[in-house]
Amino acid sequence: MLTAGIVGLPNVGKSTLFKAITNSQVLIENYPFATIKPNVGSVPVNDERFKNLLKIFNPQKIVPTILEMHDIAGLVRGASKGEGLGNEFLGNIRTVDAICEVIRCFDDANVSHVEGEINPINDFETIELELIFADQEVISKRKEKVRKKAEITRDKKVIAEVALLERINEKLNQEIAIRDQGLSDDDLETIKSYNFLTAKPLIIIANIGENDLETKTNKYVEILKTYMNKKKIEVIVVCAKTECELSELEPEEKAEMFKELNISNSGINQIVVATYQLLNLATFFTVGPKEVHAWTFIKGMKAPQCAGIIHTDFMKGFIRAEVYNYQDLISFDSEKNVKDQGKLRVEGKNYIFQDGDICHFRFNV
């Protein structure tokens, strides 16, 4: 299951956004650390393809793609040294696949700001620096252990790992996050077990006020976008308060409000899609009258690997995959018509799965 952590300074709208995404009741108060333990909610990914498959197959059971969101306690300056709920915050971030960082981009005299002023760049750099400090602490604790192993074993891989850690730490000293250090795929695989915080994929969520809904921008958003563009980090603009209110409406009422507010796509959908793209993910489907199931896979995975997502036996005993694309099903109305039109293909072990593939795996264990 894909997991993402909603993080940020206190009182920037994290819990409000979490409630909107998961439609869950969480404590929302105007004081730091209202969220003391990470709230966790699972939200089905809003995929029109999945909805259409349900209409076609009318299955007894449905399993949509799930995004698990963690609302993590607010971070403050000095968190890496244990300030606020620092250690707990940093530990909770380590468990997620991606980070959705909420930055306050609205003025409201009734909602206090922990730093005393609205400054999106300063807010981002405060959190970034704390994550860098936390990564350096991990390196400090583990480097000597790895170095001793290198001295004893003289293993070339371990020696290279020590050198890599020193190189990474040097860049961290320059306040360069690991995601910005241009590491190779081999380097990233070497440090995977360290679970570095600044190596995690990052999306920035600019939380605006209701007054800026029509333009979806303001001076804070423009400053933030300019800054993040240089770092090649995507910025998604949402009004967490409005999204939260919309999440409580029935589908018909929500559609009407979207029209009134001139919103073509909810901020929640944008966040989910951006998270999938950030992690290089896609979806394939298994279908039938018993069950329609959406499965998440990493782009570039071959047929046996995708079979293994369903069950390890499918991968071990993989024979072939009978595959057609979702769009062909929509064009020809039924699976039978897809077969009759010759659009169902038999693929072997080297077939690279595509987003929207519908498949039946054949295996023998």
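Mentor: Before we look at this predicted model, note that helix axes here are lines fitted to C-alpha atoms over the stretch in contact, with angles taken between N-to-C directions.

Trainee: How are helix α1 and helix α8 oriented relative to each other: roughly parallel or roughly antiparallel?

Mentor: The axes of α1 (residues 14–22) and α8 (residues 240–247) come within 8 Å and cross at roughly 30°. Angles under 35 degrees count as roughly parallel, and the two helices are therefore roughly parallel to each other.

Trainee: Which residues of α8 make the contact with α1, and how many residues of the contact are charged?

Mentor: The crossing of the two helices is left-handed. On the α1 side the contact is made by T16, L17, K19 and A20, and on the α8 side by A240, K241, E243, C244 and S247. Sorted by character, the residues of this contact comprise 4 nonpolar and 2 polar ones, and the number that are charged is 3.

Trainee: In what sense does strand β4 pair with β1, and in what sense with β2?

Mentor: With β1 (residues 2–7), strand β4 has 5 bridges, T3 being partnered with E68. With β2 (residues 39–44) there are 6 bridges, and P44 has I66 as its partner in β4. The pairing with β1 is parallel, whereas the pairing with β2 is antiparallel.

Trainee: Why is strand β4 described as largely enclosed by the rest of the structure?

Mentor: Strand β4 covers residues 66–71, and a residue counts as buried when its relative accessible area is under 20%. The strand is largely enclosed because the buried share of its residues is 5 of the 6.

How values were computed:
Residues numbered from 1 in each chain as written. Predicted model: local features only at pLDDT ≥ 70, side-chain atom pairs only at ≥ 80, totals over all residues. Heavy atoms only, no water. Buried < 20%, exposed > 50% of the residue type's maximum accessible area, 1.4 Å probe, protein only. Helix = DSSP H or I, 4+ residues; strand = E, 2+ residues; numbered from the N terminus. Pairing = 2+ DSSP bridges. Axes fitted to C-alpha atoms, helices over the stretch in contact; angles between N-to-C directions. Parallel < 35°, antiparallel > 145°, perpendicular 65-115°, else oblique. Left-handed = near helix turned anticlockwise from the far one by under 90°. Contact = heavy atoms within 4.5 Å. Nonpolar A, V, L, I, M, F, W, Y, C, P; charged D, E, K, R; others polar.
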